[in-house]
Structure formats: structure tokens, C-alpha cells
Amino acid sequence: SFPKQVRIVEVGPRDGLQNESTVSASDKVTLINMLSAAGHSYIESGAFVSPKWVPQMADSADVFSSITRKAGVTYAALTPNLKGYEAAKAVAATEVAIFGAASEAFSQKNINCSISESLARFAPVMDAAKADGIKVRGYVSCVVGCPYQGDVAPTDVARVAKALLDMGCYEISLGDTIGVGTPDKVNAMLDAVLAVVPADKLAVHFHDTYGQALTNIYVALSRGIAVIDSAVAGLGGCPYAAGASGNVASEDVVYLLNGLGISHGIDLTALAQAGWFITDKLGKQPSSKVGLALKAK
Ligand code: HMG
Ligand code: MG
């Protein structure tokens, strides 16, 4: 059954901007402050990863040090290893996230190691975070398809999701990294995952490459999943998949939730304005249909 309330995890400043041309740290800070003002309670604000791999996130420490912290808002960071964790902790990231994949090939291309090696690398991050009282979110990429190996077995997704849960992640975000999912595939994947991880520990993270994200979110909502990752203005792409587009747009998710009478705490107009701000800086239009429609009004 459908949840009455949903938490939106805003990943635009991280997943979105890691795949756009570089914007200044001060513009990132303005964006993050606009997102918190719009009512977002969870903003993934940067990543402490190798600057050689993802130069767009190299200024994450500056960003975290300069945002205006709003009470009750979680400012999260991606941390692939202990080095990243220590850097995130040093600038008081509220939470961190580790990121694995259900596909061996993607794991190698994204974080330069196998799935089992990645889990071993995450262990010291989990230990340190536990000692520091910092919550850790876990991502699984390629949950319905991989740019290198093609199909991904639902059982592989379930295995990695369960491993991250058992390691101590409080929530597992299921990523359709390249946006290839359709409802039947998503349902089959969720059948396998829900057999080992309860719905209240799951989030969904759809990229919108083929325009299926909202439909797939509707499927996830119908399965009782109440946490949705999205990016303002549909920012982003995927460096490892030519033609892949950004995350589902936060504005479009909010419009859907409004129509379904599901509460989320976000002001759509203020959110759309944040989208216009950042796309203006990037010299492009929002990828959000709702953002464009409101802009034309
Ligand atoms: P590696 O080369 O195997 O690591 O990379 P290493 O430990 O051998 O280190 C190599 C160099 O990186 C060294 O520097 C380290 O100091 C440095 P050098 O001696 O060459 O000058 N280094 C770091 N620097 C800063 N912060 C760190 C860090 N760690 C090492 N934390 C590594 C392994 C994981 C570091 C690398 O592959 C990496 O940074 N990958 C990140 C890739 C990434 O950020 N991808 C995008 C995010 S995931 C995503 O978007 C999917 C998601 O949205 C869900 C979905 O859509 O499915 C989450
Ligand atoms: Mg992503």
C-alpha cells in the first residue's frame, strides 16, 4: 500500500553536479541553501572521492564548510573509503554514504575493485562511523541493468543490499544508475530485495534516461517504499554510460506526490526556483518538465 509520507533525498548537489560542467563552490552553497529553504530535510551535498576520478566534487570540503546549516536538515556526503570518511567527518557532514554495485563490471569501473573487495573497504568506514555515532547510508548501483554487462539478476541486487544492511547501513538506496528500468523489471527486482530487506529500510534512486523514472517510482511507492532520491532540475548524467541522463527531477517527484496526496514537506515553487538558479549557472534549461512548466507561467 502507498505510504502517507515520503522523505525525498535531494541528490542534485552531488549526483547531479558530479556529472555537469564545474560550477563554483559558492554557487553550490547557494543551491544547497535554496534547497533547505524550500523544505528539503536531506541534501546530499558532496562527495569525498578521488579528485582525479571526479574533479567536479573536489571542492566538497569548501562547500560543507560554507553552507548555512538549517536545524533538522541532514547534509550527507559520499565516502568510498576511510580517507573519504575522515575528510567528510572533518567538515561535519551529518551523514555519509558508501556505494557498491550489483554488477562486477560497474564496480570495477566506478570504484576500481570487485564487489567483495568493495565490501571489505567499507568495513573500516562502518567501524569508524559507528564509533563516531555517524549514520551510514548504502547505495547499490545497477539494480536493473548495467552499461557493461547488460541485465543484472535480481538475486545479485538482493545479495549486495542485504550485505550493506548487515554491515550496519540504516537505509539501502537502490540505484537504476542508467535509467533502463521499466515496471516489470523493477517489480521483479523489488520481489528479490524485499524478501531480504524490509521496505522501511529501502530507498529508490532512478535516473531518467528513458523517461521511466516516475513510473518506476509509482511502482516503488505501491510496494511501500517511502524514500525517494531525486535531483533538482533533473541535473546530471553518468560518466560511465554515454547518453545517460540525470536523476529523476525533484520537482516532478513533488508534483506526483502532491497529486497522490502524499506529504513531503517541500514547497514546489521554491524548489523550482532553486532549479532555475542552478540551470542558469550551467547555461541550460531544467530537465524537469514541472520546472519548465512553472517557468513558462
Ligand atoms: P583507487 O585508484 O583504486 O584508490 O581509487 P587508491 O586507494 O589506490 O588511491 C588512488 C589515489 O586516489 C591516491 O592519490 C589516493 O590518495 C586518492 P595519489 O597518490 O594517486 O595522488 N584517494 C582519494 N582522494 C580523495 N578522497 C578519497 C580518496 N581515496 C583515494 N576518498 C577510489 C578508488 C574509490 C578512491 C576511486 O575509484 C574513486 O574515487 N571513485 C569514485 C567514483 C565516483 O565518485 N563515482 C560517482 C559516485 S557513485 C554514483 O554516482 C552512483 C550513485 O548515484 C547510485 C546510482 O546512481 O546507482 C551513488
Ligand atoms: Mg546516481
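**View 1. Strand β8 and its buried side chains.** In this predicted model, strand β8 covers residues 227–230. Which way do its residues point? Val227 and Asp229 point one way, while Ile228 and Ser230 point the other. This is the pattern to expect, because side chains in a regular strand alternate between the two faces of the sheet. Whichever way they point, Val227, Ile228, Asp229 and Ser230 are all buried.

**View 2. The neighbours of β8 in the sheet.** Now let us look to either partner of this strand. Strand β1 (residues 7–10) pairs with β8 in the parallel sense, and four bridges hold the record of that pairing. Within it, Ile8 has Ile228 as its bridge partner. Strand β7 (residues 202–206) also runs parallel to β8, joined to it by two bridges. Here Val204 has Ile228 as its bridge partner. To get from β7 to β8, the chain passes through helix α9 (residues 213–222), and this β-α-β crossover is right-handed.

**View 3. The shell around ligand 1.** Which residues come nearest to the ligand? They are Ser50, Gly84, Ser141, Gly175 and Thr177, out of 23 residues around ligand 1. By character, the shell divides into ten nonpolar, eleven polar and two charged residues. Three elements, α4 (82–90), α5 (104–111) and β5 (135–141), each supply at least two residues of this shell.

**View 4. Leu119 on helix α6.** Leu119 has its place in helix α6, which spans residues 115–132. Is Leu119 buried or partly exposed? It counts as partly exposed, because it has 19 C-beta neighbours inside 10 Å, and a buried residue needs 20 or more. Leaving aside residues up to four places away in sequence, Leu119 touches Gly100 and Ala163. Gly179, in turn, is 60 residues from Leu119 in sequence, and the two C-alpha atoms are 24 Å apart in space.

**View 5. Stepping back to the whole chain.** The close-ups belong to a chain with twelve helices and eight strands. Its C-alpha atoms fill a box of roughly 50 × 40 × 35 Å along the principal axes. The radius of gyration is 17 Å, which agrees with the value near 19 Å for a compact globule of 297 residues. Of those 297 residues, 54% count as buried. Among contacts with a separation of 6 or more, 73% come from residues 24 or more positions apart.

Conventions: Residues are numbered from 1 along each chain as its sequence is written. Chains are lettered from A and ligands numbered from 1 in the order in which they are written. This is a predicted model: local features need pLDDT of at least 70, side-chain atom pairs count only at pLDDT 80 or more; totals for chains, interfaces and linings use all residues. A residue is near a molecule or strand if its C-beta atom, placed from the backbone, lies within 6 Å of it. Ala, Val, Leu, Ile, Met, Phe, Trp, Tyr, Cys and Pro count as nonpolar, Asp, Glu, Lys and Arg as charged, and the others, Gly among them, as polar. A residue is buried if 20 or more other C-beta atoms lie within 10 Å of its own, exposed if 12 or fewer, and partly exposed in between; C-beta atoms are placed from the backbone. Two strands pair if DSSP finds at least two bridges between them. A crossover is right-handed if, with the strands pointing away from the viewer, the path from the first strand over the helix to the second runs clockwise. The radius of gyration is taken over C-alpha atoms; the globule rule is 2.2 Å times the number of residues to the power 0.38. Two residues are in contact if their C-beta atoms, placed from the backbone, lie within 7 Å.
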